[in-house]
Amino acid sequence: MDVDTVVLDIDGVLVDVADSYRQAIVDSVDRVYGETVDREALQAFKDAGGFNNDWLVTDAVALYVLAQQAGFESDIATFTDGIAAHGGGLEGAEAELAAEIPNATFEEVIEQWDPDQLRTVFQALYLGSELFRELEGGEPPFETAGYIHDEPVLVDPKTLDTLTDSYNVGVVTGRPAAEATIALDRVGLEVDDNHRFTMDNWEEGKPHPYALMTLVDRFDSESVVFVGDTLDDIETATNAAAADSKISYKGIGVLTGGLTGDVGREKFVDAGATGVLESINDLPDYLN
């Protein structure tokens, strides 16, 4: 494959976040509202699209739990299908509930819903007390070690060496900048600030193509692959291809995040992935 630039997502590609970000979603909702969903249910929210970061997933799960407590009887599959039908993301979640439950019940759910509290609890669980004080600039609501330390590295040093020696390498992630730096330091990948997009310098988020197209421009690239673990990652590449026909954009899925096995492979292909790999470590051979 004639490629000059490789752009990487972080979560589910370079580090495993099943016991960190995803666990923080489940536990944050449980701490605030006394009930939650199984961790396995989170992939349905991701597949609905539009959830560029896990704060948004937490908010949507909380809406679902609050609606269930108020009598909403739809299962998660039906609810997330509705989210997708309404365009995905948190707006889709709100629109689905507004369409499916009485107005008075919807207003009651929204009144109880507290994204700010959810975010504070999430950050306390994920970062732990020490990093919370350092990065959030205040006292955590409780003391904890932090799930951030439970993120196994998925990429081999040899893979990173091969990629950085052979290609321009950039990063596009929904993480906050500080948390992206922690993950990149952990895996041993140096990426110039000008060649990474995070929550802090990219308002639209995936699957909007702005970040990917901007990196292509900064690298003066002609052909780029974007490697991710979600359908939104693939859609980011296909959206960029639709917006800029002069450049070759290809999305590659890896089966080390929430999408796994034959089902995950099929979903990636249906979303327009050029290739689906078992892990990022298969990328150098695939590109050659």
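Modeller: Domain bounds here come from an automatic or database domain assignment. With that in mind, this predicted model splits into domain 1, residues 5-16 plus 152-287, and domain 2, residues 18-147.

Colleague: How far apart are the centres of domain 1 and domain 2?

Modeller: Going by C-alpha atoms, the two centres are 25 Å apart. The contact draws on 16 residues from domain 1 and 17 residues from domain 2.

Colleague: Okay, and how do I read the size of an interface?

Modeller: People often quote the accessible area lost when the parts come together. In this case domain 1 and domain 2 bury about 1400 Å² between them, with 50% of that on carbon and sulfur atoms. On the domain 1 side, Glu-179, Met-199 and Asp-232 lose the most area to domain 2, and together they make up 30% of what that side buries.

Colleague: How many salt bridges does the rule find across the interface of domain 1 and domain 2?

Modeller: Just one turns up across that interface. Now take Lys-267 and Asp-47: they form a salt bridge, with the closest N and O atoms 2.8 Å apart. As for polar contacts, seven residue pairs across the interface qualify, both residues being at pLDDT 80 or more.

Colleague: Which elements give two or more residues to the side of domain 1 that touches domain 2?

Modeller: Those are helix 9 (177-187) and helix 11 (231-243). Helix 9 gives the most, with three residues. Sorted by class, that side of domain 1 has six nonpolar, three polar and seven charged residues.

Colleague: Let's move to the sheet. What is the order of its six strands?

Modeller: It's an open sheet, ordered 3-2-1-4-5-6, with parallel pairing. Strand 3 (196-197) and strand 6 (275-277) sit at the edges with a single partner strand each, so one side of each has no neighbour in the sheet. For a pair to look at, try strand 1 (residues 5-8) and strand 4 (residues 223-228): they run parallel and four bridges join them. Val-6, for instance, has Val-225 in strand 4 as its bridge partner.

Colleague: And which backbone angles should I look at?

Modeller: The general idea is that most residues other than glycine have a negative phi, and most peptide bonds are trans. Here, a cis peptide bond joins Lys-206 and Pro-207, with omega about 15 degrees. Pro-207 is in the loop between strand 3 and helix 10 (210-219).

Colleague: Where is Asp-220 found?

Modeller: Look in the loop between helix 10 and strand 4. Asp-220 has a positive phi, near 55 degrees, in a residue other than glycine.

Key:
Residues are numbered from 1 along each chain as its sequence is written. This is a predicted model: local features need pLDDT of at least 70, side-chain atom pairs count only at pLDDT 80 or more; totals for chains, interfaces and linings use all residues. Side-chain values use heavy atoms; hydrogens and water are left out. Contact means heavy atoms within 4.5 Å. Buried area is the accessible area (1.4 Å probe) that two parts lose on being put together, summed over both. A salt bridge is a side-chain nitrogen of Lys or Arg within 4 Å of a carboxyl oxygen of Asp or Glu. A polar contact is a pair of N or O atoms within 3.5 Å; within protein, one must be able to donate a hydrogen and the other to accept it, and residues adjacent in sequence count only if both atoms are side-chain atoms. Ala, Val, Leu, Ile, Met, Phe, Trp, Tyr, Cys and Pro count as nonpolar, Asp, Glu, Lys and Arg as charged, and the others, Gly among them, as polar. Two strands pair if DSSP finds at least two bridges between them.
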